[in-house]
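Dear colleague,

Please find below the structure I promised to pass on, followed by some notes on its salt bridges. I would be glad if you read them with the coordinates open.

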Amino acid sequence: MENLQDMKIPRHVAVILDGNGRWAEKHHVPRKLGHKAGCENLEQIVEDAARIGISYFTIYGFSTENWKRSAEEVDALMQLFRFYIGRLKKVAMDNNVRVKMIGDRSRFDKDLIDGLNMLETVTAENTGMTFILALNYGSRDEITRGMRKMAEDVAAGRRDPGDITEEVIGSYLDTAGIPDPDLMIRTSGEQRLSNYLLWQLAYAELYFTPVYWPDFHKEHLLEAIEAYNKRNRRFGGR
């Protein structure tokens with residue numbers, strides 16, 4: 001592996017955390033323990049990403065489609081989110097990390113919404129890496145919500161349809177003000193985007209690894225960054 005000092009660190013890394021359930025099956029434990037292991041791993045990876053020098057780190061924690069899972073599994077995930085909010089607060093404050101959430105938080109219970117709001121508020125002045133949690137997030141839902149708001153602005157005369165550009169559309173998305181990802185990593189061997197950041201990943205490098213998320217550690221993140229450095233990034237066919 002190349003020396004970290006010799007590598008170009010992607011400004012924004014997005015990750016699909018996949019494989020918690022299969023990790024649990026592999027270890028012959030309940031699925032909820034796979035999700036717990038995944039949350040514990042996330043704490044360390046956030047710290048590693050901040051120390052490596054990544055500026056924005058976005059993780060797909062819970063999709064709009066995840067509500068279709070069994071009520072037992074969804075309830076277990078909600079309890080994990082409640083528990084790890086406090087843990088993530090400590091990691092964020094210890095590493096000067098700012099936390100932001102994207103997605104529609106309105107469907108969560110009030111105490112969970114309050115916890116997420118607290119995370120954003122108490123870390124707002126941190127100046128290091130921005131850690132972005134995609135929770136109850138789906139790219140089509142994000143775009144639908146954004147375009148509905150833009151249509152309302154056009155109808156109210158606040159927006160001229162002739163002035164709508166890619167930049168204007170981006171300003172209506174959850175990620176407004178956040179640079180697009182340079183690198184997207186998906187764990188567990190699956191090779192699809194699963195309704196994740198479809199607009200924002202237009203020019204990102206995609207990296208897929210067979211490693212299940214609970215086993216994805218700093219060395220695997222560095223391997224992904226090394227692979228990113230070996231890509232010949234060209235835009236517009238040049």
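Arg158 is exposed in this predicted model, because its relative accessible area of 57% is over the 50% cut-off. Its salt-bridge partner is Asp153, with the closest N and O atoms 2.7 Å apart, and Asp153, in contrast to an exposed residue, is buried at a relative accessible area of 7%.

A second pair that you may wish to look at is formed by Glu205 and Arg231, whose side chains meet in a salt bridge with an N to O distance of 2.9 Å. Glu205 belongs to strand 6 (residues 205–208), while Arg231 lies in the segment after helix 7 (218–230), so this salt bridge ties together parts that are 26 residues apart in sequence. Glu205 is buried, with a relative accessible area of 15%, whereas Arg231 counts as partly exposed at 32%.

Within helix 2 (residues 31–52), Lys36 and Glu40 are four residues apart and therefore separated by about one helical turn, and their side chains meet in a salt bridge at 2.5 Å, N to O. Lys36 is partly exposed, with a relative accessible area of 34%, and Glu40 is likewise partly exposed, at 35%.

Beyond these pairs, there is also a network of salt bridges, which links Asp18, Arg22, Arg186, Glu190 and Arg192. With a salt bridge taken as a side-chain nitrogen of Lys or Arg within 4 Å of a carboxyl oxygen of Asp or Glu, the count for the model comes to 20.

With best regards

Note on methods: Residues numbered from 1 in each chain as written. Predicted model: local features only at pLDDT ≥ 70, side-chain atom pairs only at ≥ 80, totals over all residues. Heavy atoms only, no water. Helix = DSSP H or I, 4+ residues; strand = E, 2+ residues; numbered from the N terminus. Buried < 20%, exposed > 50% of the residue type's maximum accessible area, 1.4 Å probe, protein only.
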